[in-house]
Amino acid sequence: MKCLGLIGGDGLGATLSYHRQLMEEIQHRWGEHCAANLVSFGLHTPEFALLIDQGRKHQLAKLLSTVAGHLRALGAEAIVLCSPSLHICADRIGARIPIIHMVDPTIDALRRARVNRLGIIGLRHNDEERMWRESCRRAHIIDVLMPVPRDREKIAYIIQEELQRGIVRDSSRAALVGIIHTLRQAGARALVLASPELDLALLEAAPILPVYKASELHVLAALDWASHAKEAAPASA
């Protein structure tokens, strides 16, 4: 298994979720005694969060490039960004190392299922929405529905103030289910969870739409790359 370098940011919960999913999948594939070939770096600081919130992509990409270089020096052969927010500048990371992108395996799964009317929740910023819309457009998924700004802010609050702290309130679960119902009524026929923390809140909710968990598909793609020694696809714009 090739070495994967994980970069965490935008909340410790997402990074821990990636580690858990990677370890569970490694044990599932190769047994519980298989050693995980992973190195990681967490960027969980107020200064880093500010770069994301303000959309300062140049500074964010520069910092991520530095971290990717450190992980490469430690043996990483590809980078996994453990947050949807970090992917907005994945194509700008110039550390001479492949970036395994979250969007690509999710789009592949949607194409295989012939999904053409899609809802996405868990994106916090306009740049993230543009990135997903453009990737969907290239895959001929034309109808991409996002929550309205008020609902997007509600979801972001639930993720940051509750789910990242391990809190799951019934009222928040009901709010998320209501937002998903709204997307379904608007025409969505499948749902992408772009943030790994959302799975915690929706675990016990009755399914409304077929769900595609972007972080889970991302983890599977990363381990496929690591085990088959394939070249990672270029990062999506």
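1. **Two helices packed together.** In this predicted model, helices α6 and α7 pack at an angle of about 145°. Their axes lie 11 Å apart. The crossing is left-handed. Helix α6 spans residues 149-162, and helix α7 spans residues 170-185.

2. **Who touches whom.** From α6, the residues involved are Asp151, Lys154, Ile155, Ile158 and Glu162. They meet Ser172, Ala175, Leu176 and Ile179 of α7. Sorted by class, this contact has 5 nonpolar, 1 polar and 3 charged residues.

3. **A closer look at Glu162.** Is Glu162 buried or exposed? Its relative accessible area is 4%, and buried means under 20%, so Glu162 counts as buried. Glu162 belongs to helix α6. Which residues does Glu162 contact, leaving aside neighbours within four places in sequence? They are Tyr157, Ile167, Arg169 and Ser172. Ser172 also appears in the contact of α6 with α7, on the α7 side.

4. **The sheet.** Next, the strands. An open sheet of 4 strands runs in the order β6-β5-β7-β8, and the pairing is parallel. Strands β6 (143-145) and β8 (211-213) stand at the edges. Each has a single partner strand, so one side of each is left without a neighbour in the sheet. On average, neighbouring strands are turned by 25° against each other, direction ignored. As background, strands of a sheet pair through backbone hydrogen bonds, either parallel or antiparallel.

5. **One strand pair in detail.** Take β7, residues 190-193. How many bridges join β7 to β8? There are 3, and the two strands run parallel. One bridge partnership can be found by name: Leu193 has Lys213 in β8 as its partner.

6. **Helices on the sheet.** Helix α7 returns here. It packs on the sheet and touches β5 (117-121), β6 and β7. The direction of α7 makes about 160° with that of β5. Helix α9 (residues 214-228) also packs on the sheet, touching β7 and β8. The direction of α9 makes about 50° with that of β8. Strand β7 is thus on both lists of touched strands.

7. **How far to trust it.** The protein has a mean pLDDT of 88. Of its residues, 95% reach 70 or more. Residues 229-237 need care: their pLDDT is below 50. In the model, this stretch has 25 contacts beyond near neighbours in sequence. Where pLDDT is low, the predicted coordinates should not be read in detail.

Definitions and conventions:
Residues numbered from 1 in each chain as written. Predicted model: local features only at pLDDT ≥ 70, side-chain atom pairs only at ≥ 80, totals over all residues. Heavy atoms only, no water. Pairing = 2+ DSSP bridges. Axes fitted to C-alpha atoms, helices over the stretch in contact; angles between N-to-C directions. Contact = heavy atoms within 4.5 Å. pLDDT = per-residue confidence, 0-100. Buried < 20%, exposed > 50% of the residue type's maximum accessible area, 1.4 Å probe, protein only. Left-handed = near helix turned anticlockwise from the far one by under 90°. Nonpolar A, V, L, I, M, F, W, Y, C, P; charged D, E, K, R; others polar.
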